Amino acid sequence: MQTAQAEPATDPVLAVNNIEVIYDHVVLVLKGVSLAVPRGGIVALLGANGAGKTTTLKAVSNLLHAERGEVTKGSILFEGERVDRSSPNDLVRRGCIQVMEGRHCFGHLTIEENLLTGAFTRRDGRAAIRADLEKVYAYFPRLRERRKSMAGYTSGGEQQMCAVGRALMSRPKMILLDEPSMGLAPQIVEEIFEIVRDLNAKEGVSFLLAEQNTNMALKYATYGYILETGRVVMDGDAAMLRTNEDVKEFYLGVTEGERKSFREVKSYKRRKRWLT
Amino acid sequence: MLYRETGQFKTTYAADMAVFPLRQDRIGLAVILAAALTLPFVAGEYMLSAVMIPLLIFALATIGLNLLVGYTGLLSLGTAGFMGVGAYACYKLTTFFPDVNIVVWILVSGFFSAGVGALFGLPSLRIKGFYLAVATLAAQFFLQWCFTRIPWLYNNNISGAIEVPGRTLFGEFVTGPNASAEMRYLVVLAVVALLTWIASNLVHGRIGRSWMAVRDMDIAAELIGIRLLPTKLLAFAVSSFYCGVAGALMVFLWYGSAEPEVFSINQSFLILFMVIIGGLGSLIGSFFGAALIYVLPIALKAVPPLFGLSIAAATVEHMTFMIVGALIIGFLIAEPHGLARLWQTGKQKLRTWPFPY
Amino acid sequence: MTILYAIFVDPFVQMAGAPDLLVQALWDGLVSGVLYALIALGFVLIFKASGVFNFAQGIMVVFAALTLVGLHEKGVPAFLALALTVAVMFVLAVGVERVVLRPLVNQPDIILFIATFGLTYFLIGFGELIFGGNPKAMITDQLFLPRGVVDVPMLGGMVSFQKIDIAAAIIASLMVAGLAVFFQNTRIGRALRAVADSHKAALSVGISLNQIWVIVWFAAGLVALAAGIMWGARSEVSFALEIIALKALPVLVLGGLTSVPGAIIGGLIIGVGEKLGEFYWGPLVGGGIESWLAYFIALAVLLVRPQGLFGEKIIERI
Amino acid sequence: AEDSNFVPLFTYRTGPFSGSGIPIANGMRDYLEMLNQRDGGIGGAKIAIEECETGYDTKKGLECYEAVKGKNPVMINPWSTGITLPLIPKAKVDKIPVLSMAYGLSASALGDTFPWVFNPPNTYWDGLSMIIRYIGEQEGGLDKLKGKKLGYIYLDAGFGKEPIPMFEQFAKDLGFELKLYPVAATDMQNQSSQWLGVRRDRPDYMVMYGWGALNPTAIKEAVRINYPMAKFISIWWPSEDDAKSAGDGAKGFKELNWHGVGTDFPVIKDIQKLVVDKGLSQVAKDKVGEVLYNRGVYNSMLIAEAIRNAQKLTGKKAVTGEDVRRGLETIDLTPARLKELGMEGFTDPLKLTCSDHNGHGATFMQEWNGEKYVKVSGPLKPMTDKVEPLVQSAAKDYAEKNTGWPKRTEVCDKAS
Amino acid sequence: MNGPGPNETAMRKAEPRAERADGAPSAPPGRSTGEVLLAVENVSLRFGGVKAISDVSFDIRKGEVRAIIGPNGAGKTSMLNVINGFYHPQDGRITFKGETRSKMRPSVAAAQGIARTFQNVALFKGMTTLDNIMTGRALKMRRGFFWQLWRHGPAMAEEVEHRKFVEEIIDFLDIEAVRKVPVGKLPYGLQKRVELGRALAMEPELLLLDEPMAGMNLEEKEDMCRFILDVNNEFGTTVALIEHDMGVVMDLSDRVVVLEYGRKIADGTPDEVKRDQKVIDAYLGVAH
Ligand SMILES: Nc1ncnc2c1ncn2[C@@H]1O[C@H](COP(=O)(O)OP(=O)(O)OP(=O)(O)O)[C@@H](O)[C@H]1O
Ligand SMILES: Nc1ncnc2c1ncn2[C@@H]1O[C@H](COP(=O)(O)OP(=O)(O)OP(=O)(O)O)[C@@H](O)[C@H]1O
Ligand SMILES: [Mg+2]
Ligand SMILES: [Mg+2]
């Protein structure tokens, strides 16, 4: 299988070069991950639980420090500049924001206040922020209904929408989306991906998308990386990945062209690993 | 690779559930215990009276508070008050029944503070976090007020203080001025070792697990069927028991006499430091924490003379304050999970040594 | 029976018998309430804005007052000393952020709580090293703070109001009003609350924790300075003042850890409650109940409202 | 070394009580330092001075004790009742005498029961009886106290509570009414309820046993409620600073004292010349001669006298704690001796004996005139008939409660 | 592990289900003809002005897999919270095993045999996998405080006995490798699995699963489905399941109840529900 250095995108917004990440000074989680997100691209990061997707995203957004993790090797470039030593708010200011896995809304703020904090780094005036707020409400009407409730009391899905909406409020150039579809109703999942496509097409926002819902992810992404235990084991165009036999079997659940029922899965499949 | 577990297979669950499943750890423990037992024969009186005895007593109180804060997640600032209950209970008991061995009373006095602790633990069902911490200050100040205000508690002594009478064990004085440092040390060591062992039993079993469950997520614990109130109250009671015994030991085998001021809020804070610096939810950390917080200032005082510097005592004290403060912050930054975690990480490194990970 | 009478009847008879004393007790309670609130306010600021329970607030009060008086003792004119003290508090805020908070971002509350203990120790040592442990008199006159008493005859007696107490009440109200507005709808105010909720999430939306922390610690430092001046004028500027800061804790939880108005209301309730308690009921048990009464008042309120009177509701959802 | 006597000084220049601790520490230290400078120590042996910082904290005090215990200290000055109490039983076992000068356990005045503990020149009970005597003088006779009201404001700890039984006894005997105003240690700076009580009760006199921040706050509060300062009388601990910070209103405030204030004594001059001016002291020059500074000097003078006596008794230069205990028991500060010491007019003669470890000497009342304390009374003698039985019964009580309290076996020396 | 499922005899005395006895493929829908295990009648729940649940009734039959679906914020989680006593509904009644009540304490619900997993993983973060699952046995352990002081002897024997049971669950869920790892450090998917293990350790009669498969990839979902089916088949545990993955819901469940804005809008077999226009409008979007 080929590795990531293969063909660096011509003008990557984000380039991750061979990074290693260690937690707590002892746990080595990423063992040399490289990837690139082209300007205006939607790149999917796929992989099993614990492969290191979240860690990769956090390394980019500089949130690792807050979890006692650190990038020990390699470099991260956002729009051609090293960002692996800067701070999260600097990155947001430059236009790269992360939607964290597992919602992380501000429980004691109302939904609307949550959304407004997303606009913290913006300086373009109240009216513009107001307009974007309306846009988010248009994307997620459910949020408008609950805008006065404290986020801590809202349902899981509502919080997820809030987290995504909050990121949109910063008018980013690039969004790191960690499992955006988790816990959302099917309708909303599709909506979220439509929003991704929409923003990408209309406003040229780039996306790096860690997602378990491989089907969806590959449908919308242009390029994909597959991560296994801290290494990129495969990457390629989304279309190519969609047709790859291994990917099909392990991530898409289609063997011989048929989706099989969950009831039919008889014995436990033992994982075939690309490496090991 | 001196420290590794390879080659040590556990063939029974019981063996796997042992507190020290690794042979190296067991050997280490044996060595420490042996060293602790031989200490009286090699160390001077200062070492025993001013370092080891206080350290062990603080470690015991720290374990007590750790059971509450570290294992059950209930923040309490009433520790010194509960220690006081133990001390005063022991004093009253030995006044009423002077013939019963004092060590028995020291242990029994723990039950009194357990009761008081459980009483003041009642609000913990509703009140959480820092709110609870402040609520426990009610216990702290109220108890201290009682110690000052109820003459019966200190036998109407004109000094308003407890005066520890001389009591013997196996014909040797263990309390009072005639008790030798060695004897007091050995008794303290025995009590602390016994109670540490019991604490270890508790936290490794069902009760410890339900405490930790309440700490980590009380709602989920409740939905699993753990009843919050009894669990929290038990934690308060057991914790206060330990503090009470520590308080009794403190007055009877260390101070020899005590004013209510001894059980002031500062003592509560001090023990909370020890818990945090040592490591929340770690018994061994309790010893580390007590050692660091208690011994560090003493050690710092000894530093300037070592280099022949004569710095005014007050300046040394100021510097000590600054250094201790800075070190507390430093340790927290280096390892927020306390010395115990540092110790773990160290062992982890040893395990993989000579490879970095 | 006599006991019941002593508890439930006699105090009220006394109140009715000497209404001027009752008014005086209420006023004294209000004043100490305001002064507690000034200390509590510093706690609230920092807690609300970062979730850190700043134990060092008490010592910051001492430290600020000591710096002011200490500088003046060294010959610096009063108002210049005041300005310099403000600068020192700013440096302190920056230092705390750099050395303590930044490396401990996203750690559990209790860790940060203990770190502020470390800070307390450090400041005690540092303050004593520089200014010595000698108590000092507050430079009230030089700061043009009013001195003296306004005696108002009323209710067949006389109630005396200290001018400095009146000044304290005014200053405290101004500060509270200002801070409440600040927290309500401003962009920074919202960000402060967001940080208190979750460091991680706040980081992820680009809120600069560093900047926020410097702001609130500086604000808390200013509040501490105000509290230090007022308390210092009441007794003296010494490290013993640190003890009084403990009294801010029940005030704090009673009002709710996160509420600016709560700090004031809590202060007033505790102040008045403990004064009346000590004055009318204290003698029944030999007095001195003021040392714990405040905590029991707070405890009683918490049992009904676990988040304090105005605190943010504790979210329990699963 | 061979020819030196080790004198540990337990001091507290830090912590909430440092305001009182610092001048005392300076006074104690400077006097001994002066002896070293002027006389090369005592009897040809240098004094090895070592301060141990207690922060007024029992725990640290005990740590200090353990630290100096092995170094053959001649005596311990705990300077905290909390530290004194645990040391009392240890003194005999470790053979280190305890000098708790006008504090500590009042009962330890009884040398027969407490051969190792000394608390000259007065106990707190003496102090109270002298205050009562003074009030009696003001009123024109103790019998005039009948029907009067006396208020007692005190630190709610052993020290402040000790006089209460005696006070109550006086109230009964003399027919006055006693009002108690306890101040908790945590509320020292917040006494408005107590003083509100004073306003309500309108006592004719206020008596204060306070310490640390309690004193200045109380004086300020008294000024605030317009309490007549001339009737506000304290035990011997308030300092100049305590009164000064209350401004002009504090004029007339009174306290007991048994030694001079100011620098007009040869001994203080010597200290200024040989120690302070040479930069060997930590004291600020204008603080020399203040009440608590001079008290520290007095305390050290007792230490020095005891060492000197011990040297005379034993013929040794370097003496032990055991010797110094004997030295303390033979302290006899005659007017002539005081003059030799440069303390003429500084304090009254004092004589300790084997059974009397206190002296129960006379004191005087001093008044704050807005700038300094001035003596306003003749000598005030304690009412021995009231104090003595209390001391006796307290000592008996102490010995009984501490089962196995040793009988005195130490032989008694004659004053040399 | 080669065969599916754990050692039956140890885990539960219940008879294996008839259909499974001969090893035939699992039975089609319609198994759920058994008696009603839990009935929810006219339950309403409000939070201030928010109506989380309004007048909902449905039942769960013994042995079935019952799915609860609906858009975000429809009140699904709240429903589970009502069932196991964490929320107290303002109106309505709940009958479990023939006992009717209007509200209940969570620990009582647990004692009666209701276990659950949570939407936002609610594990005990500071504890290891093993300890987490062992807490699930809390209700079954009998040795009191004084036995625990002396851990050896009877308390240890009891501990070992339960440890055996827990090890079987660990084996069953295939999480041996992380037995001694603090769960806070586990990846999300494994945490969900541990949470299931903890619920199973309670040997529940009714297992409530709140989005057990959220955030999992296909393979893991398959594993999870297998676990759920096995639990249901082998031990006859009744399962109530909230899930947004329609594939899973349709394949696994016997009957589905659909909520929207706190109201029930449909109830029936997966096929019926799938075709229901109201459900398509409210939830599915396009027909699946
Ligand atoms: N704070 C931490 N400390 C130590 N180890 C961690 C920490 N956070 C994550 N890990 C470990 O790093 C590995 C990768 O985790 P990561 O969260 O990046 O995986 P993921 O691919 O996002 O998985 P998922 O799909 O479950 O979200 C896991 O094995 C996890 O246990
Ligand atoms: N404790 C509470 N306080 C206030 N409102 C609440 C509370 N719990 C739930 N709600 C509200 O009730 C509604 C239903 O919430 P619930 O969590 O049951 O939804 P859900 O169906 O589980 O949604 P999701 O699929 O997104 O998890 C939501 O709008 C939520 O905001
Ligand atoms: Mg992830
Ligand atoms: Mg839900």
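The following exercises, with worked solutions, concern two ligand sites and the cavities of a predicted model.

In this predicted model, local features need pLDDT of at least 70, side-chain atom pairs count only at pLDDT 80 or more, and totals for chains, interfaces and linings use all residues. Residues are numbered from 1 along each chain as its sequence is written, chains are lettered from A and ligands numbered from 1 in the order in which they are written, and side-chain values use heavy atoms, with hydrogens and water left out.

**Exercise 1.** Determine where ligand 1 lies and which residues are closest.

*Solution.*
Step 1. A residue is taken as near if one of its heavy atoms lies within 4 Å of the ligand. Under this rule 18 residues surround ligand 1, and the closest are A:N49, A:T54, A:T55, A:E101 and E:K185.
Step 2. Ligand 1 accordingly has its place between chains A and E.
Step 3. Consider polar contacts (pairs of N or O atoms within 3.5 Å). An N or O atom in the side chain of A:T54 is 2.5 Å from an oxygen atom of ligand 1, and a polar side-chain atom of A:Q212 lies 2.7 Å from an oxygen atom of this ligand.
Step 4. Taken alone, ligand 1 exposes 630 Å² (Shrake-Rupley method, 1.4 Å probe), and the protein buries 84% of that area.

**Exercise 2.** Explain why the site of ligand 2 is shared between chains.

*Solution.*
Step 1. Among the 22 residues that surround ligand 2, the closest are A:R146, A:G157, C:R317, E:T77 and E:S78.
Step 2. The site is shared because residues from chains A, C and E surround ligand 2.
Step 3. Polar side-chain atoms of chain E lie by oxygen atoms of ligand 2: one of E:K76 at 2.7 Å and one of E:H244 at 3.0 Å.
Step 4. Ligand 2 taken alone exposes 630 Å², of which the protein buries 96%.

**Exercise 3.** State how many cavities of 30 Å³ or more there are, and which residues line the second largest.

*Solution.*
Step 1. On a 1 Å grid over the protein atoms alone, a cavity is a set of points where a 1.4 Å probe fits but cannot get out; lining residues have an atom within 4 Å of a point. A volume is the space filled by probe spheres set on the points, which are joined across faces, edges and corners.
Step 2. The count comes to 13 cavities of 30 Å³ or more, and the second largest has a volume of about 90 Å³.
Step 3. The second largest cavity is lined by B:N157, B:I158, B:S159, B:E163, D:L105, D:A107, D:W125, D:E162, D:A394, D:D397 and D:Y398.

Methods. On a 1 Å grid over the protein atoms alone, a cavity is a set of points where a 1.4 Å probe fits but cannot get out, and a pocket is an open set with protein on both sides within 12 Å along at least five of seven lines; lining residues have an atom within 4 Å of a point. A polar contact is a pair of N or O atoms within 3.5 Å; within protein, one must be able to donate a hydrogen and the other to accept it, and residues adjacent in sequence count only if both atoms are side-chain atoms.
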